[in-house]
Each structure stands twice: as C-alpha cells, then as structure tokens.
Amino acid sequence: MMEYRNLGRSGCVVSSLALGTMTFGRETDEAGSHAQLDAFLDAGGTLIDTADVYSGGASEEIIGRWLAKQPADVRSRVVLATKGRFPMGEGPNDVGLSRRHLRDALDGSLRRLGVEAIDLYQVHAFDPLTPLDESFGFLDDAVRAGKIAYVGLSNYTGWQLQKVVDLAEHRGLARPVTLQPQYNLLVREIEWETVPACESTGLGLLPWSPLGGGWLTGKYTRDQRPEGATRLGENPDQGVEAYGRRSPQQRTWDVIEAVEEIASASGATMAQVALAWLVDRPMMTSVILGARTLEQLTENLGAAGLHLGAEEIERLDAVSDPAPADYPYGGPGVQQRSRPIEGGRA
C-alpha cells in the first residue's frame, strides 16, 4: 500500500514513490506514457516529476494532454513537479538560472503542462555564473505571483544547498523544500556531505536513478556486455551507469549479489528490494521511479509499503559502503549510518 510523506518541511503531502517521466516522448510513446500515468494514480501515487528538457519539452506536453483529459478529482490528487535550467533554445540567454531564462522556462513549462501553477519548481542544477539572489529572487517572485507553490533544488552539493538556504532565510525568500540527487545502493556518496546538509536544513530527498540505471534489477552480468532493448544494451557506454565504468568494480557485483539473495529469500524482486532500502533512508520524501514500459512500472510499484528488516538493511549498508576499507576512522559513510533511523523517516 502506498505511503505518504511531507514534501520536506512543507505541509504538502506526497506519495513515497514518485513517477519520473524522462522516458516520455523518447523511449515511451504517448499512449504508453498515459498508461503509466493512469497506473501510477491507480496505485495511490501522487507526485509526478518532469523537466522542460525531457524530450525537448515533449514529456511536459504529454503530461499536459493527459491532465486535460482527467476529471477534477483526479487532477486535484496530482502534485506536479518540473525543472528549469538547461538549454531549450540556441540563444545565449536560453540556458542557466538568470531571471531572464527562468522567466521563459517557467512560462514555457506552464504552457506545455496546461496549468496555471506548478506545485514544485526545481532548479535543475547549480549555475556558477548567476548570482544566487537573482535566481532565487525570481523564484520568490513566482511564488508570490501564484505560479509556483514550492521551490526545489536538483543536483546541488551540500555547500551549494546550504548557501541557498542561508540566502533565503537572510532575505526572507521562499525557502527550498527538497533536493533531487542521484542516490542508490551503488551511489551513496551524498551521505558524506549532502544528506547531513539536508538533515540540518530540513530538505526532503527526491532521489533519481534509484535502480542505478537498471544495474540493481539484475539485468546485467559480469561476463557479457549489455545488448538488446535496454538502456545500456543500446549504448553500453551511456551516462553515469556505463557498463565499462561499473563492471570492473567488485563492489558492484557484491551489491547485486546481496540484493539478489535478499529478494530471493523475501519473495520480492531485486528492484523492489533496492527501492525499499532507499525509501527508508534519512530525509527521504519520495523515490522517483522511471520506466520504459508499463510492466516495469507495475513491478516497481510493488515496492509500495515494503520495508526491509534490520538485518537486511545492515547487510546492504555494509556491502554498498563506498568508502575504501582503509579510510581513516572506518570511512565517511560510517558516521552517517551510525545515527538511528526512527521508522525510516527523518
């Protein structure tokens, strides 16, 4: 059964699993995208996450057409999140977090989604060329104008998000409520600095790539490069999860083996085990599921309400620790894990 949590420190409540829509309009056609949206809402999901650059705006347009077909009671259940920052044109002002570009990006997202306001508007990445007070002054104006309900961050480091929160508190601007980072059993380095910064400032986590680009589903093997209709099968060297980058690491296969054994013993799938581990991490608000097909999404939604036992969590924590064994004081991750997790929630 789907669970619900506050969106960071805000009073807005969202499902503990979110629907990521980066595949919409690229790997998933409109009919398949609409089927995923229907299934997600039917399972009790509420938080839908997209971005203006996903498929060049097509993802937002597909969601907008789906929303337009829904009755008012369905639309009212949706908590809609999108992002702006990356290029949507070829001009020098078509990128970044300037007031100029954010204005155009926000208006474009509102138009494509067919809504008057966006529940969670996230800056897609840090912009070192634009003063923070310019970017977040604009977002505060948008909140006051009723175009945005909440502000979020994506792909910010701990020091970057701390600077934003300090600025917002000092100037009385709309304070960000969430951070969207990469986080999974194979990518835990955010626990060294970023998660503690979120704990200190009260930002909820909305992690992307919770299955490590498919690695944690067991679809890849040590002795054969990926092939066929999978993300790495079509391009084994694609992205942060590239086969050549991860396959030489013994830790990768140790983690996959542990996930597989826990899944086999519990009657769950490997994907569900990996998602359940992440759902109960500190400061977790909602884990973003991305799927090519309805079948993949349905399997992942099976993790709703699933919680691992203490021994299972301890084993996964130990085998996935990214710190070298000889790191001083036992590794950066040890102190983070030593703090108790009360009910899996911050």
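A residue is called buried under 20% relative accessible area, exposed over 50% and partly exposed in between, with a 1.4 Å probe and protein chains only. W159, with a relative accessible area of 45%, is therefore partly exposed.

The model is predicted, so local features need pLDDT of at least 70 and side-chain atom pairs count only at pLDDT 80 or more, while totals for chains, interfaces and linings use all residues. Residues are numbered from 1 along each chain as its sequence is written, and side-chain values use heavy atoms, with hydrogens and water left out.

**Strand β5 and its neighbours**

Helices (H or I, at least four residues) and strands (E, at least two) are DSSP runs, numbered from the N terminus. Strand β5 spans residues 79–84, and 6 of its 6 residues are buried. In a regular strand, side chains alternate between the two faces of the sheet. In β5, V79, A81 and K83 point one way, L80, T82 and G84 point the other way, and all are buried.

Two strands pair if DSSP finds at least two bridges between them. Strand β4 (residues 47–49) pairs with β5 in the parallel sense over 3 bridges, and L47 stands opposite V79. Strand β6 (residues 118–123) is also paired with β5 in the parallel sense, over 4 bridges; there, Q122 is the bridge partner of K83. From β5 the chain crosses through helix α4 (residues 99–113) to β6 in a right-handed β-α-β crossover, meaning that with the strands pointing away from the viewer, the path from the first strand over the helix to the second runs clockwise.

**Aromatic pairs**

Rings of Phe, Tyr and Trp (its six-membered ring) pair if their centres lie within 6.5 Å; planes under 30 degrees apart count as stacked, over 60 as edge-to-face and the rest as tilted. A search of the whole structure finds 5 aromatic pairs. Two of them are listed here.

| Pair | Centre to centre | Angle of planes | Class |
|---|---|---|---|
| F126 and W159 | 5.7 Å | 65° | edge-to-face |
| Y183 and W277 | 6.1 Å | 70° | edge-to-face |

The pair of F126 and W159 links distant parts of the chain, 33 residues apart: F126 lies in the loop between β6 and α5 (132–144), and W159 in helix α6 (residues 158–171). F126 counts as buried because its relative accessibility is 19%. Ring pairs link F126, Y156 and W159 into a cluster.

Y183 and W277 also connect distant parts of the chain, 94 residues apart, with Y183 in the loop between β8 (178–180) and α7 (194–201) and W277 in helix α11 (residues 270–279). Both Y183 and W277 are buried.
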